[in-house]
Amino acid sequence: MRRTMRTLTMWIAMALAATACSSTPTADSNIEPTLRVFGNHRGADAEAFRTVLDEFTRQTGIETSYVGTAAFATRIQERVRDGDPPDVALFPQPAILTDMARAGYLTALDGDAAAAVEEGYADWAVDLVTVDQEVYGAWFRISLKSLVWYPPQVFAAQGYEVPTTWDELEALTSQMVGDGFTPWCLGMESFGATGWVGTDWVEDLVLRMHGPAVYDQWTSGEIPFTDERIEAAFAEFGKVALQPGQVAGGRRAILSVPALAAINPMFNDPPGCLLTRQASFQEGELPEDVTIGPEGDVDIFVLPPMDTTTAPLLASGEVAATFSDSEEAQALVAFLANPQSGVPWAAVGGYNSPHLGFDPAVYSSELERRLDSLLRSAEVVRFDGSDLMPPTVGTGTFWSGIIDYVAGEPLDSVLDDIQAGYPDE
């Protein structure tokens, strides 16, 4: 049962009172003068998120500082191990949040913050932040991953049609090669998170080849990586990534080009590629002069299905949780659980809200409204699989295994190594 959401007024009042009474912390106070926030947002995304934190400060008087890293999965565990956790963290991996909650590092959300989560999100989102019947986090942003970016003007000039089935996509890439183009741009380098682009590909393919039931069994560990169905999805990825002439720069580029810079050759003259599969957060890393839309420099379509059903969608997101039991930290998580918290980021672009109550009219671009419509109308949505797996696999052997596969390791050996990342029972 959902509890009725109470307003955040009491939280804001308590936070302001706490700030006024503790502007100079005493020796026995556990309240920091500035909330330390840690996440994976960098670059333009980090600047956009800071506008959200600025609005929180404007409303409450509580100061914040934000640090972002591409190696979040590693660094957050190092900080906890070293006894220096942040006050609030934005977790891209629910599995890490679950582990830290069960280990006693995270603080369950107070009644108001927990009620805001239970009232304001879809059931699947609430389930992913509920650990042993306690709510530990509030979703702030959702990203749609099953997207293919392409240059519509080049498509129009060449007479190419946007594919709606997997067979059409394969036929299109063959036609592109015949016309002298390299179909795909693909890069997996991402500092301490290198590999996630490849795992996203495999996850999308498992969904398309075998459906959501198999996907759920696989991400929960019931189906091993060595299963022939998972092997088939890896092999299908190999048909895109490892076949000569399919990817600009070949294997070397896949392993060395930064994930969100891989799209850039698309805007060369002549274009270095005509397709790249990347999440909606690619928008924030496009060159400044690039326009988005059917008449622009780049547009999107959903990675096609492999059968007659509508295409399933793979999504990711960030969930705020607190290592502190301070009223200020709880107030920040409660603020992020409010649909209005995303308005500052939506105003600058590159943001989609996971909140059921978010008004799509607030989005600053037609792209965000299209993404919102896709998410709301999708028949099948699944969360990023590597983010649901135990960290030793999802952000460990799965990431390293996809790198090994692209580098030329035999697939059966790769799958054995990935599966070995599961902790012994």
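Student: Let's start with strand β3 (residues 88-91): are its residues buried or exposed?

Tutor: V88 and L90 point to one side of β3, while A89 and F91 point to the other. Helices and strands here are DSSP runs numbered from the N terminus, with H or I over at least four residues for a helix and E over at least two for a strand. Buried means under 20% relative accessible area, exposed means over 50%, and partly exposed lies in between, using a 1.4 Å probe and protein chains only. On that scale, all four side by side in β3, V88, A89, L90 and F91, are buried.

Student: Before we go on, what kind of model is this?

Tutor: Residues are numbered from 1 along each chain as its sequence is written, and side-chain values use heavy atoms, leaving out hydrogens and water. Local features need pLDDT of at least 70, side-chain atom pairs count only at pLDDT 80 or more, and totals for chains, interfaces and linings use all residues, because the model is predicted.

Student: Back to β3: in which sense does strand β1 (residues 34-39) run relative to it, parallel or antiparallel?

Tutor: Two strands pair if DSSP finds at least two bridges between them, and β1 and β3 have two. One of the partners is F38, which is bridged to A89 in β3. The sense of β1 and β3 is parallel.

Student: And how many bridges join β3 to strand β10 (residues 313-322)?

Tutor: Here the two strands run antiparallel. F91 has V319 of β10 as its bridge partner. The number of bridges joining β3 and β10 is four.

Student: Now the other sheet: what is the order of its three strands?

Tutor: Strand β7 (residues 147-150) pairs antiparallel with strand β9 (residues 299-302) over four bridges. β7 also pairs antiparallel with β8, over two bridges. The sheet is open, its edge strands β8 and β9 each pair on one side only, and the order is β8-β7-β9.

Student: Which residue of β8 is the bridge partner of W149?

Tutor: W149 faces both ways along the sheet, as it also stands opposite I300 in β9. Its neighbour Y150 stands opposite D299 in β9. In β8, the partner of W149 is T276.

Student: Are the residues on the two faces of β7 buried or exposed?

Tutor: L147 and W149 sit on one side of β7, V148 and Y150 on the other. Helix α14 (residues 366-377) lies across β7 and β9, at about 5° to β9. Both faces of β7 are covered, and these four residues are all buried.

Student: How are helix α10 (residues 228-241) and helix α16 (residues 391-407) set relative to each other: oblique, or roughly parallel?

Tutor: Axes are lines fitted to C-alpha atoms, for helices over the stretch in contact, and angles run from 0 to 180 degrees between N-to-C directions; for α10 and α16 that gives about 50°, with the axes 11 Å apart. The contact (heavy atoms within 4.5 Å) is made by F234, A235, F237 and G238 of α10 and F398, I402, Y405 and V406 of α16. Angles under 35 degrees count as roughly parallel, over 145 as roughly antiparallel, 65 to 115 as roughly perpendicular and the rest as oblique. So α10 and α16 are oblique.

Student: Which cysteines does the disulfide join?

Tutor: A disulfide is a pair of cysteine sulfur atoms within 2.5 Å, and the whole structure has one. Its S to S distance is 2.3 Å, and at -110° about the S-S bond it is left-handed. It links parts of the chain 88 residues apart, from the loop between α8 (166-178) and α9 (196-219) to the loop between α11 (250-256) and β8 (276-277). Both cysteines are buried, and they are C185 and C273.

Student: What about backbone oddities: where is P270, whose peptide bond from D269 is cis?

Tutor: Most peptide bonds are trans. From D269 to P270, omega is near 5°. The place of P270 is the loop between α11 and β8.

Student: And what is the relative accessibility of Q133?

Tutor: Q133 lies in the loop between β4 (130-131) and β5 (134-135). Its phi is positive, about 70°, although it is not a glycine. Q133 counts as exposed because its relative accessibility is 80%.
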